[in-house]
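The following paragraphs walk through a protein model, moving from individual strand pairs to the sheets they belong to and to the helices that lie against them. Please keep the structure open while reading.

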Amino acid sequence: MQASTITQEPSNGLDLFLSRIGYLNLNTHSVCRDFGHFRTANSTSTIGWSTFCNSKLGDRKANKAVASLRLSGGGHGSVQGLWNEFNKFVKFHCQKFSYGFASVGGVTKHGFESSSENGGFNVVGEDGNDVAVMGEVKHPKRILILMSDTGGGHRASAEAIKAAFNLEFGDEYQVYVTDLWSDHTPWPFNQLPRSYNFLVKHGALWKMTYYGSAPRLVHQPHFAATSAFIAREVAKGLMKYLPDIIISVHPLMQHVPLRILRAKGLLKKIVFTTVVTDLSTCHPTWFHKLVTRCYCPTAEVAKRALRAGLKHSQIKVYGLPVRPSFVKPIRPKDELRKELGMDVELPAVLLMGGGEGMGPIEATARALGDALYNESLGEPTGQLIVVCGRNQKLLSRLKAITWKIPVQVLGFVSKMEECMGACDCIITKAGPGTIAEAMIRGLPIILNDYIAGQEAGNVPYVVENGIGKFSKSPKEIANIVAQWFGSKSDELKAMSQNALKLARPDAVFKIVNDLHELVTQRNLVTAQYACTS
């Protein structure tokens with residue numbers, strides 16, 4: 001068998017790993033684009049990646065090593081040896097591989113490199129459009145929040161942080177929210193939200209994906225391999241915003257960006273933080289040792305972060321960030337009820353199905369309609385608000401029903417704090433954001449469903465802390481509410497007090513103020529270093 005050869009640089013773990021499989025021949029070509037892709041040339045599979053060098057604008061060149069891989073049946077070596085060589089490749093890739101920031105030209109802020117032909121660089125302006133900037137310009141500090149629409153909680157936390165920065169610091173910061181996978185990666189990686197929705201609808205597949213990817217032995221090589229394909233695109237996305245602070249509010253938003261920042265030597269210049277948005281059980285990919293700060297909503301999550309290798313100095317337990325509107329003093333309940341067209345005197349329950357109006361909403365609403373009506377007296381003992389979200393079919397069906405009790409059927413609601421303020425308890429699935437908001441309003445919670453994995457721990461969190469109950473049966477849920485509005489009103493009050501004690505309404509403001517201190521300290525250190533130099 002012909003020996004493996006390489007003309008770009010000495011043999012590394014990748015070469016050894018591939019050579020264990022079959023024939024490997026590496027040739028060097030001068031190429032300027034199409035990073036990290038497979039192509040076919042002369043009926044031979046090729047694997048490409050780029051290494052970039054700083055060069056003058058107008059003379060941007062990048063050498064691409066193109067590896068031709070021909071598999072043969074004569075592969076040798078044990079399975080253990082093959083696995084060892086793969087681990088060497090992962091270690092090499094994570095520690096030594098140099099990621100190129102797209103369209104390299106003159107080095108600008110943070111070491112990001114310019115791409116505009118006028119010698120400046122393109123960044124995102126206040127209107128969201130690209131703006132060419134000449135030279136070094138003073139500008140407000142830039143914050144980039146990385147999220148993905150895999151469920152509504154991640155975007156809600158991102159928007160809460162953005163709103164809090166605007167309220168606390170005004171024009172001192174420009175905050176951008178981006179779905180890193182959808183906006184800055186190619187197919188199939190940009191299909192993450194759609195894939196998530198499909199997996200969640202098929203519970204067994206989601207369980208297999210969630211728990212199967214939890215071990216570090218599984219997800220670390222996965223991220224390393226993924227980085228080889230999307231590093232250039234992600235680097236371009238980061239360069240577009242030139243952030244002073246990067247905030248991840250999603251478990252899949254730290255590993256690839258942190259690899260890029262480490263390769264570019266930017267970890268000491270850019271503050272990278274994680275805001276965990278799960279209350280109890282959370283996926284291990286939430287935690288990365290290279291983050292400046294990891295904000296945890298509960299002590300349980302903080303313990304998981306410590307077990308994952310983070311230091312005490314990296315962890316802050318502030319609570320889950322919710323919309324700043326929930327921090328404002330609550331308006332009188334009778335005033336809110338009048339605005340919503342509700343009965344001022346009757347106790348009220350809020351029934352939610354998330355932004356998409358999912359779950360047994362109609363069955364539960366009908367059961368509540370029967371349970372909250374006293375047949376002997378011929379009058380209602382409670383009232384109901386149903387939030388259908390974007391589910392127009394559900395909205396139409398519920399509005400067509402003739403109810404025996406006062407019922408308000410709503411579509412998508414932007415001011416959820418008012419609906420919660422008008423009610424005495426809530427029925428919802430175990431989403432962490434809704435639970436945190438309900439606790440701030442002092443609402444006892446009945447959980448009627450949860451997503452396996454990240455939401456499973458929210459059920460015991462609610463039940464064991466004495467702030468609610470769990471049941472999937474619409475009739476049982478309706479009976480619990482009827483008892484709370486009748487003979488067990490003391491239990492309702494006790495749970496309301498427990499919820500208020502557990503609530504952290506100022507969490508989002510604590511987070512943004514701590515971030516402000518971090519970036520201020522980082523700028524001072526950088527300035528002192530520059531003066532010394």
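Strand β18, covering residues 425-428, and strand β19, covering residues 445-447, run parallel and are joined by three bridges; within this pair, I426 has I445 of β19 standing opposite. The coordinates examined here come from a predicted model, and every statement about pairing or packing should be read with that in mind.

The two strands belong to an open sheet of six strands, whose order is β17-β16-β13-β18-β19-β20 and whose pairing is parallel. Because β17 (407-410) and β20 (468-470) stand at the edges and each has a single partner strand, one side of each is left without a neighbour in the sheet. From one strand to the next, the twist averages 15 degrees. Helix α16 packs on this sheet, where α16 touches β13 (348-352), β18, β19 and β20, and the direction of α16 makes about 170 degrees with that of β19.

Helix α16 (residues 474-484) also packs with helix α11 (residues 361-371), at an angle of about 40 degrees and with the two axes 8 Å apart. That angle is why α11 is described as oblique to α16, and the crossing in which α11 passes α16 is right-handed. On the α11 side the contact is made by A363, T364, A367, L368 and A371, while on the α16 side it is made by P474, K475, I477, A478, N479, V481 and A482. Sorted by class, the residues in this contact of α11 with α16 comprise nine nonpolar, two polar and one charged.

After strand β19 the chain enters a loop, and E455 is found in this loop between β19 and α15 (458-464). Is E455 buried or exposed? The relative accessibility of E455 is 5%, so E455 counts as buried, given that the cut-off for buried is under 20% relative accessible area. When its neighbours within four places in sequence are left aside, E455 is in contact with T281, K429, A430, G431, P432 and Y450.

A further open sheet is formed by six strands in the order β8-β7-β9-β10-β11-β12, with parallel pairing. Its edge strands are β8 (173-179) and β12 (315-317), each of which pairs on one side only, and the twist averages 20 degrees from one strand to the next. Helix α9 (residues 299-307) packs on this sheet, touching β11 (293-296) and β12, and the direction of α9 makes about 170 degrees with that of β12.

Within this sheet, strand β9 (residues 245-248) can be followed residue by residue, since its side chains are assigned to two directions: I245 and I247 point one way, I246 and S248 point the other way, and all are buried. Strand β7 (residues 141-147) runs parallel to β9 and is joined to β9 by four bridges, with I246 in β9 as the bridge partner of L144. Strand β10 (residues 271-275) likewise runs parallel to β9, and four bridges join these two strands; in that pairing, I247 stands opposite T273 in β10.

Methods: Residues are numbered from 1 along each chain as its sequence is written. This is a predicted model: local features need pLDDT of at least 70, side-chain atom pairs count only at pLDDT 80 or more; totals for chains, interfaces and linings use all residues. Side-chain values use heavy atoms; hydrogens and water are left out. Axes are lines fitted to C-alpha atoms, for helices over the stretch in contact, and angles run from 0 to 180 degrees between N-to-C directions. Angles under 35 degrees count as roughly parallel, over 145 as roughly antiparallel, 65 to 115 as roughly perpendicular and the rest as oblique. A crossing is left-handed if the near helix is turned anticlockwise from the far one by less than a right angle, and right-handed if clockwise. Contact means heavy atoms within 4.5 Å. Ala, Val, Leu, Ile, Met, Phe, Trp, Tyr, Cys and Pro count as nonpolar, Asp, Glu, Lys and Arg as charged, and the others, Gly among them, as polar. Two strands pair if DSSP finds at least two bridges between them. Buried means under 20% relative accessible area, exposed over 50%, partly exposed in between (1.4 Å probe, protein chains only).
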